[in-house]
Amino acid sequence: MDQAVGDLKQALPCVAEAPAVHVEVLQRGGSTAKKEDIKLSVRKLLNRHNIVFGDYSWTEFDDPFLTRNVQSVSIVDTELKIKDPQPIDLSACTVALHVFQLNEEGPSSENLEEEAENIIAANHWVLPAAEFHGLWDSLVYDVEVKSHLLDYVMTTLLFSDKNVDSNLITWNRVVLLHGPPGTGKTSLCRALAQKLTIRLSSRYRYGQLIEINSHSLFSKWFSESGKLVTRMFQKIQDLIDNKDALVFVLIDEVESLTAARNACRAGTEPSDAIRVVNAVLTQIDQIKRHSNVVILTTSNITERIDVAFVDRADIRQYIGPPSATAVFKIYLSCLEELMKCQIIYPRQQLLTLRELEMIGFIENNVSKLSLLLSEISRKSEGLSGRVLRKLPFLAHALYIQAPTVTIEGFLQALSLAVDKQFEDRKKLSSRV
């Protein structure tokens, strides 16, 4: 118990103490080295490089042991807690090391087998999964969404460790992310599960993510859907019973529960639909009592979420389209990737928004391209994150079609792609 609380303290942000800095160490897939030996070598590396500027990653090492056993050492999430752009002195911080290996197997499917059809009811990943590596960093939000979600789960675990009476102080281990489609809600749930599995790797040996297909629960062929839901959650219960695992249950588009309940009341759906809804809510109430489970849910239609479900959610976080600031960060990461792959060539340094602010947004030879990107970002407001990540590809496909392009040429193409996106949207809405 003391060890568990110690691990949790290490992962929690400090208030009166030195700030906590998290270092994620990706161990090579074939490595059999002990985590403690890897941590010892990483600490020596950090002692030699104890002044860093925000997030930083090493992929090459002077130490042969690290070269053989470690793929990367990354200082992560400094922007979540350390807002000051000053250098970070690791010697003055609490450094939390998280050593992990990626699972390469991919998802498995949980099927609900009936005579009429065989429908995938859920996908199941063992975490940390190679499929989700880097997903957390790719998600950009304006408000402190990611840090709030991390803090929520950490507090949940702390309250469990301290045996806080849940009859006096209630928490349900349920998170609800809601907002328009394409804003990254499902991706954020997956990334959060991955991040927490890594962050708590000294406490849990691995994570389990079960992503439930809500629509499959309401198939017209199901005559005993309530029993099938119970059967599926029994499999989840079996995973929870292994206390070495941190289990995440993701219910996507949870408004499907409400739609089924309302349709049943209106007489347009069989009574089986209401049994499915009640079965899901009952099963959630049963599994949320376990300390190693977190229930993640998403909804595209906020006003249609079931009141009975909303009451169960501890956190109800709205996820909207990115602002111009977030759009700039998204585009900047896309441009960095294209320069790394030499599709944009030669490489040129772009200023961040913070650096533009420091020079008062004055245009010169150094800031010219970054100011153009800022202008493109402002006119991209209103587009979803899903569309924004697609636009660099469309810009190349529609307006470049060459193996390499200068950054000036690419930004011109990106600007045209943004204009076309809004034109296409306008045409589509006029036809509806």
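## A pocket, a sheet and two helices

The second largest pocket is lined by 28 residues, and Leu139, Gly182, Thr183, Gly184 and Lys185 lie nearest its centre. (On a 1 Å grid over the protein atoms alone, a pocket is an open set of points where a 1.4 Å probe fits, with protein on both sides within 12 Å along at least five of seven lines; lining residues have an atom within 4 Å of a point.) This is a predicted model, where local features need pLDDT of at least 70 and side-chain atom pairs count only at pLDDT 80 or more, while totals for chains, interfaces and linings use all residues. Residues are numbered from 1 along each chain as its sequence is written, and side-chain values use heavy atoms, leaving out hydrogens and water.

**The pocket**
- The second largest pocket holds about 560 Å³ of space (the volume filled by probe spheres set on grid points, which are joined across faces, edges and corners).
- Helix H5 (135-138), helix H7 (185-199) and helix H15 (385-399) are the elements that each give two or more residues to the lining of this pocket (helices, H or I with at least four residues, and strands, E with at least two, are DSSP runs numbered from the N terminus).
- By class, the lining has 12 nonpolar, 10 polar and six charged residues (Ala, Val, Leu, Ile, Met, Phe, Trp, Tyr, Cys and Pro count as nonpolar, Asp, Glu, Lys and Arg as charged, and the others, Gly among them, as polar).

**The sheet and its helices**
- Look next for an open sheet of four strands, in the order S3-S4-S1-S6 with mixed pairing (two strands pair if DSSP finds at least two bridges between them).
- At the edges are strand S3 (56-58) and strand S6 (94-100), each pairing on one side only.
- From one strand to the next, the twist averages 15° (angles run from 0 to 180 degrees between N-to-C directions, and axes are lines fitted to C-alpha atoms, for helices over the stretch in contact).
- Strand S1 (residues 20-27) and S6 run parallel and are joined by seven bridges; Leu26 stands opposite Phe100 in S6.
- Helix H2 (residues 35-48) lies across S1, S3, strand S4 (70-76) and S6, and runs at about 135° to S6.
- H7, which also helps line the pocket, packs on the sheet by touching S1, S4 and S6, at about 95° to the direction of S1.

**Two helices side by side**
- Helix H14 (residues 368-379) and helix H16 (residues 407-431) have axes that come within 10 Å and cross at roughly 10°.
- H14 and H16 are therefore roughly parallel to each other (angles under 35 degrees count as roughly parallel).
- Among the residues making the contact are Leu369 and Ile376 of H14, and Leu411 and Phe422 of H16 (contact means heavy atoms within 4.5 Å).
- Nine nonpolar, one polar and three charged residues make up this contact.

**Backbone spots to find**
- Most residues other than glycine have a negative phi, and most peptide bonds are trans.
- The peptide bond from Leu127 to Pro128 is cis, with omega near 0°; Pro128 sits in the loop between strand S8 (118-127) and H5.
- Another cis bond, with omega near 0°, links Tyr345 to Pro346, and Pro346 lies in the loop between helix H12 (324-340) and helix H13 (353-358).
- Glu253 has a positive phi, near 50°, and belongs to the loop between strand S11 (245-251) and helix H9 (255-266).

Technical notes:
Angles under 35 degrees count as roughly parallel, over 145 as roughly antiparallel, 65 to 115 as roughly perpendicular and the rest as oblique.
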